[in-house]
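Trainee: Could we take a close look at a single part together? I would like to see how two helices can pack.

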Number of protein chains: 2
Amino acid sequence: MNPTLPVYFGPVRHPDVEARLVAAGAELVDAPADARALIWTDPFKARDLIGALHPVVEWVSLPMAGVDRLIAAGFIDNTRVWTATKGVYADAVAEHAIALLLACSRRIAAAVRRGSWSSDPGWRLRGERIAILGAGGIGRAVADRLVAFGAIPIGFNSDGRPAPGFAETARSSALAETLAGCRGLIIAVPFTAETNGLVGERELEALGPDGVVVNVARGEIIDQQALVTALADGRLGGAGLDVTDPEPLPDGHPLWSLANAVVTSHNANPYRQLPWDACVAEYAEHLAGNVAALASGQPLDGVVDVSKGY
Amino acid sequence: MNPTLPVYFGPVRHPDVEARLVAAGAELVDAPADARALIWTDPFKARDLIGALHPVVEWVSLPMAGVDRLIAAGFIDNTRVWTATKGVYADAVAEHAIALLLACSRRIAAAVRRGSWSSDPGWRLRGERIAILGAGGIGRAVADRLVAFGAIPIGFNSDGRPAPGFAETARSSALAETLAGCRGLIIAVPFTAETNGLVGERELEALGPDGVVVNVARGEIIDQQALVTALADGRLGGAGLDVTDPEPLPDGHPLWSLANAVVTSHNANPYRQLPWDACVAEYAEHLAGNVAALASGQPLDGVVDVSKGY
C-alpha cells in the first residue's frame, strides 16, 4: 500500500469520481496549497487555475483533450507534469462522429430541412473507403465502428506507419491524393501548426459530390470558406461538423442552412457538460490511473508535450 | 452440372444480376410463358405480374421484403412457391435504422431545426438497453451494430426464445413492461395482424422523455397519433421514422416539424431504388441461391407463408 497522495479536486466536484480517487490512493484536500496533485475540473475556468498553482504541485490534470489554446497562451509551464484527457473520451467522440457521418450519408439532415416526402436515399457505408485523419485513440474508436458497418477505414498519420484497427494507413501529406478513392473523411486529429487548414479546397474536391466530411476535432483544421463554397456548389455532398471557426458559430452563418450540412455545438466531447455525467466512468478511470502512477513514480497517461502542441 | 432452368427476369433488368443468374444455372428467356421461374423486379408494378403468370411457373420471386399488402389483396396463390426478399436487405436497413437512432439520440435532427449554437448533447449508446422488436435478419443486423457502440440489444419475438446476437430476448406481449428499462426501441418486424398498432401510448410512455423510437418496418405498427402527442408533450424524446401511415406522409403533417423527429421517405430498404444499385450484390446472391435450389429440388430462401402473413 502506497502512502496517500494529497490531491486537490475541483472546482466542480463529483462524488463518484472522488470515491474512485480515494480508492486509488488520493487524500482529497480542500486547499490547493496542500496538494501535490491538482485535478482541475472546469474547462470554462481554466485561467482560475493559475491562482491555484503552488510550487509543490507536481502534476496538473486538465479536463479537456485539446490544449492548443492553453499552450498558445503560454499557460503550461515546464516545472511540473501537465496531463490532458487525450483519448479518454474517444468512445463518446467516435459515436458522435459516426452519427454525423450517417446524418449526411443517409441524407437525414437534408430530409429534416426538406420536410416533405422525396426519394433521396444517400449511400451505404458497406465497401466504402472512409478516411480518418488522426490514427490515435479517437481515430481507432471511429475505425472500429466503421468496420461494424462494413466500411474500410483508412488512417492518416505523419509518417504513414501502420496503426492497429485500420485497413490501411497513409501519410497526412498525401491526404488529397488518397481522398480521391474515399467517400468520407472524419477529422479526429489534434490541432497543431501542421493540421491548421490542412483540409482545403483540393481535399474537399477529392471527396466529390457524394462525399462527406465530418469534423470532431477543431474547426480551424478545415478551410471553412472553401467548405461553404464546395457545399453550395454541389462539389461536396455533405458536412457534419461538431466544431467550427469560430465557436459559437454565429447565427445566420451559411453552414446553418446549407441543404446537407449539420452543425452540432461542440457536443461530441462531453467534458463541456459538467460534471461530465456522460463520461464520468472514463474520466474517473483516467484520473485514478494517474493518481496511482504518480504515487508510485510511474509515467502518467495523457502528458502534454508543449513542443508537439498537444 | 444441372440442366439449365428457364427463368424470366424483368421487367427491369440489370446486367450484373443477369450474369449471376446465368452462372447459377439460369437460362434467361424473354417470354414469361417459356419460364419455370418468374423473377419479378419492379415493386411498383407488381400487379402487372398477374398478366405474366402462367401455369407452368413453379416459383415467383418478389422484389420486396414485406408482402402484407399483396397477401391482403389475395394476390399470392397456392399453386406455386412465392419468395420475398426477407432479410436480403438486412445490412442496408440496419444501417439506416442506426442512422435514425443516432440522429435522435445525438440530437442531430433538433440541431438542424434549431440552426443556432446550443448545448444539447443528447445521450450515449454505451451501456444503454435498446429494444429491437423483431429478432430476425434485420433485428440481428441492428443488434450487431449496437454492440459495436457498447449498447445492450434486447430482442423481442413471439415466445421470448433466445435469439443469436441479442443480450436478452423477451416476448412481444411483454413489450411495454420491458421498455421501461430501455432508452430506445427499433421496430424491425413484419407487419401482421399481431403487430398492427402494437406500439401505442403505453409503450411510448415507457421509453420516457429521453427515449427514442425508430421504425424501419411499417408505419401502421405505431399508433401514429399517440406518437405525435407523446413527442409534442415531451413524454417521448425523439422519433426516427423511415415508414409512416400513410405513405407518402402528407405535407404539413406534424411529424415533419416536431423538434426531435425525423422522417425519411422509405429509403432504408433500397429495393425501391431501381435497379437496386445500393444492394445489387445481396439481391443477386439471393436470386442465384434460389435458382440453384429450384434446379436441384432444394428448399428456397424467403418463402412466403400466407398463413403467417409474411
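Trainee: How near do the axes of helix H4 (residues 90-105) and helix H6 (residues 137-148) of chain A come, and at roughly what angle do they cross?

Mentor: Happy to help! This is a predicted model, in which local features need pLDDT of at least 70, side-chain atom pairs count only at pLDDT 80 or more, and totals for chains, interfaces and linings use all residues, while side-chain values use heavy atoms, with hydrogens and water left out. Residues are numbered from 1 along each chain as its sequence is written, chains are lettered from A, and ligands are numbered from 1, both in the order in which they are written.

Now to your pair. The axes of H4(A) and H6(A) come within 8 Å, with a crossing of roughly 50 degrees. Helices here are DSSP runs (H or I, at least four residues), strands are E runs of at least two, and both are numbered from the N terminus. Axes are lines fitted to C-alpha atoms, for helices over the stretch in contact, and angles run from 0 to 180 degrees between N-to-C directions. The two helices are therefore oblique to each other. Angles under 35 degrees count as roughly parallel, over 145 as roughly antiparallel, 65 to 115 as roughly perpendicular, and the rest as oblique. The crossing of H4(A) and H6(A) is right-handed, a word used when the near helix is turned clockwise from the far one by less than a right angle (anticlockwise is left-handed).

Who touches whom? Contact means heavy atoms within 4.5 Å. On the H4(A) side, the residues include Ala94(A), Ile98(A) and Leu101(A), and those they meet in H6(A) include Ala141(A), Val142(A) and Leu146(A). Leu101(A) and Leu146(A) turn up again among the contacts of Leu125(A), which also touches Phe149(A) and, in the other chain, Glu95(B). Leu125(A) and Leu146(A) are among the residues with the most contacts inside the largest nonpolar core, which has 110 residues. Such a core is a set of buried Ala, Val, Leu, Ile, Met, Phe, Trp, Tyr and Cys residues joined through side-chain atoms within 4.5 Å.

Another residue of H4 in chain A is Ala99(A). At 1% relative accessibility, Ala99(A) counts as buried; that means under 20% relative accessible area, with exposed over 50% and partly exposed in between (1.4 Å probe, protein chains only). Leaving aside neighbours within four places in sequence, Ala99(A) is in contact with Leu102(B), Arg106(B) and Ile108(B). Its C-alpha atom is 9.9 Å from that of Ala268(A), 169 residues away along the chain.

For comparison, try a pair in chain B. The axes of H1(B) and helix H10 (residues 280-295) come within 9 Å and cross at roughly 25 degrees. That makes H1(B) roughly parallel to H10(B). H1(B) passes H10(B) in a right-handed crossing. Val17(B), Arg20(B) and Leu21(B) make the contact from H1(B), and the H10(B) residues include Tyr283(B), Leu287(B) and Val291(B).

H1(B), residues 15-23, also lies across strands S1, S2 and S3 of chain B, at about 130 degrees to S2(B). Those strands belong to an open sheet of 5 strands in the order S2-S1-S3-S4-S5, with parallel pairing. Strands S2 (26-28) and S5 (81-83) of chain B stand at the edges with a single partner strand each, so one side of each is left without a neighbour in the sheet. Two strands pair if DSSP finds at least two bridges between them; S1(B) and S3(B) are joined by 4 bridges.
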